[in-house]
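These notebook entries record what I looked up in one structure. I begin with a loop and then turn to helices and single residues.

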Amino acid sequence: MSFRQFKALTFDVVGTLIDFERGIINHIRSVAGDAAQHLSDDTILEAYRYSRADKSSGLYPDDLVRVYKDMEKKLELPHVPGAAEGLKESVRDWPAFSDSVDALKRLRKHYRLVAMTNARRWALDHMAATLEQPFDERITVDDVRFEKPDPQFFAFARGRLSTSGIFFEDILHVAQSQYHDIGVAKKIGYTVAWIERRKGLKGFGGTLEVPELTEPDYHFATLSELADAVEAELGTRS
């Protein structure tokens with residue numbers, strides 16, 4: 001398979017480009033103070049993960065207000081006024097992974113870059129700013145009205161891109177989440193690149209687990225590795 005066949009890279013954003021796990025952990029530790037010192041990062045992420053999986057969950061990241069209240073009870077955190085709303089607002093400060101900005105700039109020399117995120121439009125605006133505005137097009141849950149892993153999200157994206165002359169075989173979908181992205185995208189025919197951000201770590205962190213991993217078309221530990229592979233075949237452009 002050649003990287004020459006692709007015209008567009010579609011990206012999961014939260015977890016692939018933006019380190020939401022670090023953002024969640026930082027907020028919990030900053031507002032809970034000493035009460036969170038005994039909690040491991042994995043314990044915090046487990047509480048987050050199971051709250052997000054609840055059937056009552058809402059649109060992301062507005063739902064983080066509810067999620068914080070769940071976590072407050074489960075982790076026995078002290079009640080801090082404004083902390084729940086603060087978790088939602090902390091999205092503005094969630095960090096990019098250390099390689100995201102540079103790798104996106106390198107990849108944009110070869111492809112159209114498309115955000116494809118379960119986050120709402122207002123949140124993606126902040127994340128795109130953190131990433132130094134790499135996207136040529138943005139597709140959010142506000143546009144689709146369904147969250148990944150619903151196949152309708154992927155069908156919507158294909159349809160949107162087809163109006164620009166970019167068709168199914170022209171797309172490489174790039175994502176971290178086996179649950180939200182890799183499994184369903186591969187099943188319905190996308191070519192996929194799995195960015196295994198948690199390589200070497202136990203468990204699934206803040207992302208819902210899957211019973212079995214889907215074998216991707218490409219597999220990298222970082223986005224830089226994908227950019228390296230593209231440049232090795234296609235060269236670099238000024």
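**Entry 1. Two cis peptide bonds.** I first located Pro149, which is in the loop between α7 (141-144) and α8 (151-162). The model is a predicted one, and I read each value below with that in mind. I examined the bond that leads into Pro149 from Lys148 and found a cis peptide bond, with omega near 20°. I then looked up Pro61, in the loop between α2 and α3. Tyr60 and Pro61 are also joined by a cis peptide bond, and here omega is about 0°. I noted these bonds because most peptide bonds are trans.

**Entry 2. Positive phi angles.** Next I looked up backbone angles, since most residues other than glycine have a negative phi. Glu76 is not a glycine, yet its phi is positive, at about 55°. Glu76 comes just after α3, in the loop between α3 and α4. I asked whether Glu76 is buried or exposed. Its relative accessibility is 67%, so Glu76 counts as exposed. Gln133 is another residue that is not a glycine and has a positive phi of about 55°. I placed Gln133 in the loop between α6 (121-130) and β3 (137-140). Because its relative accessibility is 39%, Gln133 counts as partly exposed.

**Entry 3. Helix α1 against helix α2.** I then asked at what angle α1 and α2 pack. The angle is about 105°, and the axes are 10 Å apart. The two helices are therefore roughly perpendicular to each other, as an angle of 65 to 115 degrees counts as such. From α1, the contact is made by Phe20, Glu21, Arg22, Ile24, Ile25, Ile28 and Arg29; from α2, by Asp41, Ile44, Leu45 and Tyr48. I recorded the classes in this contact of α1 with α2: seven residues are nonpolar, four are charged and none is polar.

**Entry 4. Arg22 in that contact.** I followed Arg22, which sits in helix α1 (residues 20-32). With a relative accessibility of 32%, Arg22 counts as partly exposed. Leaving out residues up to four places away in sequence, Arg22 touches Asp41 and Pro95. The side chains of Arg22 and Asp41 make a polar contact at 3.3 Å. I also checked Arg22 against Phe97: the two are 75 residues apart in sequence, while their C-alpha atoms are 9.6 Å apart in space.

**Entry 5. Helix α1 against helix α3.** I looked up a further partner of α1, helix α3 (residues 64-74). The axes of α1 and α3 come within 13 Å and cross at roughly 55°. α1 and α3 are therefore oblique to each other, and their crossing is right-handed. Ile24, His27, Ile28 and Val31 of α1 meet Leu64, Tyr68 and Met71 of α3. In this contact of α1 with α3, six residues are nonpolar, one is polar and none is charged. I then asked which residues of α3 are buried. They are Leu64, Val65, Arg66, Val67, Tyr68, Met71 and Glu72. Their cover includes α1, α2 (41-52) and α4 (83-89).

**Entry 6. Three buried residues elsewhere.** I placed Leu172 in strand β4 (residues 171-175). Its relative accessible area is 0%, so Leu172 is buried. Among the residues that Leu172 touches are Phe3, Phe6, Val192 and Tyr218. I compared its position with that of Leu39: the two are 133 residues apart along the chain, and their C-alpha atoms are separated by 38 Å.

I found Gln178 in helix α9 (residues 178-187). At 6% relative accessibility, Gln178 counts as buried, because the limit for that class is under 20%. The Gln178 side chain reaches the backbone nitrogen of Thr214 at 2.7 Å. Apart from residues up to four places away in sequence, Gln178 touches Gly183, Trp194, Val210, Leu213 and Thr214.

I closed with Thr207, in the loop between β5 (191-195) and β6 (218-220). Although Thr207 belongs to a loop, Thr207 is buried, with a relative accessible area of 6%. Its contacts include Phe20 and Glu21, as well as Arg49 and His180.

Notes: Residues are numbered from 1 along each chain as its sequence is written. This is a predicted model: local features need pLDDT of at least 70, side-chain atom pairs count only at pLDDT 80 or more; totals for chains, interfaces and linings use all residues. Side-chain values use heavy atoms; hydrogens and water are left out. Helices (H or I, at least four residues) and strands (E, at least two) are DSSP runs, numbered from the N terminus. Buried means under 20% relative accessible area, exposed over 50%, partly exposed in between (1.4 Å probe, protein chains only). Contact means heavy atoms within 4.5 Å. A polar contact is a pair of N or O atoms within 3.5 Å; within protein, one must be able to donate a hydrogen and the other to accept it, and residues adjacent in sequence count only if both atoms are side-chain atoms. Axes are lines fitted to C-alpha atoms, for helices over the stretch in contact, and angles run from 0 to 180 degrees between N-to-C directions. Angles under 35 degrees count as roughly parallel, over 145 as roughly antiparallel, 65 to 115 as roughly perpendicular and the rest as oblique. A crossing is left-handed if the near helix is turned anticlockwise from the far one by less than a right angle, and right-handed if clockwise. Ala, Val, Leu, Ile, Met, Phe, Trp, Tyr, Cys and Pro count as nonpolar, Asp, Glu, Lys and Arg as charged, and the others, Gly among them, as polar.
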